[in-house]
Amino acid sequence: MNNKINMWDYRNRLDDNSNFAPFEDSIIKYIFDSIENHIKIEKKCLEFGANDGQYLSNTRNLILNGWDSIQIETDLTSFYRLKDLYQGNNKVICLNKFVS
């Protein structure tokens, strides 16, 4: 019996949100869903260049599924939108920093 999940079918089952990084967020979720079937993982993620927290985000889908996160954005205008997006979510830390 083959219990493998076809990633293309998996992508079609997820909520389609064009603000997320196309397909990349689905790959990340697929990998962690697959791993979680075998080992316990800590649900924490980090995004450098978080922008507004939605546009081309690789971690937004994880955050919406209850993950803790640190979001780092250098641009002040984008950072304020990011901070507003996660206001009241104590599982998300937003930092206006430059990482090199």
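Is L56 buried, partly exposed or exposed? Select this residue to begin: with a relative accessibility of 42%, L56 counts as partly exposed. The model on display is a predicted one, and the stops below lead from the loop that holds L56 to the sheet, the surface and the aromatic pairs.

**The loop between β1 and α3**

L56 sits in the loop that connects β1 and α3. Display its backbone torsions: the phi angle of L56 is near 55 degrees, a positive value in a residue that is not glycine. Most residues other than glycine have a negative phi. Now select N51, which belongs to the loop between β1 and α3. For N51 as well, phi is near 55 degrees, again positive in a residue other than glycine. N51 is partly exposed, its relative accessible area being 22%.

**The whole chain**

Zoom out and colour by secondary structure. The protein chain contains four helices and three strands, and their succession along the sequence is α-α-β-α-β-α-β. Of its 100 residues, 33% count as buried.

**The sheet**

Select the strands next. They form an open sheet of three strands in the order β1-β2-β3, and the pairing is parallel. β1 and β3 stand at the edges with a single partner strand each, so one side of each has no neighbour in the sheet. On average, neighbouring strands of this sheet are turned by 10 degrees against each other, direction ignored.

Strands of a sheet pair through backbone hydrogen bonds. Focus on β2 and β3: these strands run parallel and are joined by four bridges. To look at one bridge, select Q71 together with its partner C94 in β3.

**The nonpolar patch**

Switch to a surface view and select L46, F48, I70, I93, L95 and V99. Together these residues make a nonpolar surface patch of about 500 Å². The elements that contribute two or more residues to the patch are β1 (44-48) and β3 (92-95). Pause on L95, which is found in strand β3. Its relative accessibility is 31%, so L95 counts as partly exposed; membership of a patch requires a relative accessible area over 30%.

**The aromatic pairs**

How many aromatic pairs does a search of the whole structure find? There are two.

For one of them, show the side chains of F32 and W67. The ring centres of F32 and W67 are 5.0 Å apart and the planes meet at 70 degrees, so this pair is edge-to-face. The limit for that class is an angle over 60 degrees. F32 lies in helix α2 (residues 24-36) and W67 in the loop between α3 (60-64) and β2 (68-72), so the pair ties together parts that are 35 residues apart in sequence. The two residues can also be viewed by exposure: F32 is partly exposed, with a relative accessible area of 28%, whereas W67 is buried, with a relative accessible area of 5%.

Then move to F79 and Y80, which form a tilted aromatic pair: the distance is 6.0 Å centre to centre, with 50 degrees between the planes. Which of these residues is buried? F79 counts as buried because its relative accessibility is 8%, and the cut-off for buried is under 20%. Y80, at 46% relative accessibility, counts as partly exposed.

Key
Residues numbered from 1 in each chain as written. Predicted model: local features only at pLDDT ≥ 70, side-chain atom pairs only at ≥ 80, totals over all residues. Heavy atoms only, no water. Patch = residues over 30% accessible without salt bridge, like charges linked within 9 Å, V, L, I, M, F, W, Y side chains within 5 Å. Areas by Shrake-Rupley, 256 points an atom, 1.4 Å probe, with all protein chains shown as cover. Salt bridge = Lys/Arg side-chain N within 4 Å of Asp/Glu carboxyl O. Buried < 20%, exposed > 50% of the residue type's maximum accessible area, 1.4 Å probe, protein only. Phe/Tyr/Trp six-rings, centres within 6.5 Å; stacked < 30°, edge-to-face > 60°. Pairing = 2+ DSSP bridges. Axes fitted to C-alpha atoms, helices over the stretch in contact; angles between N-to-C directions.
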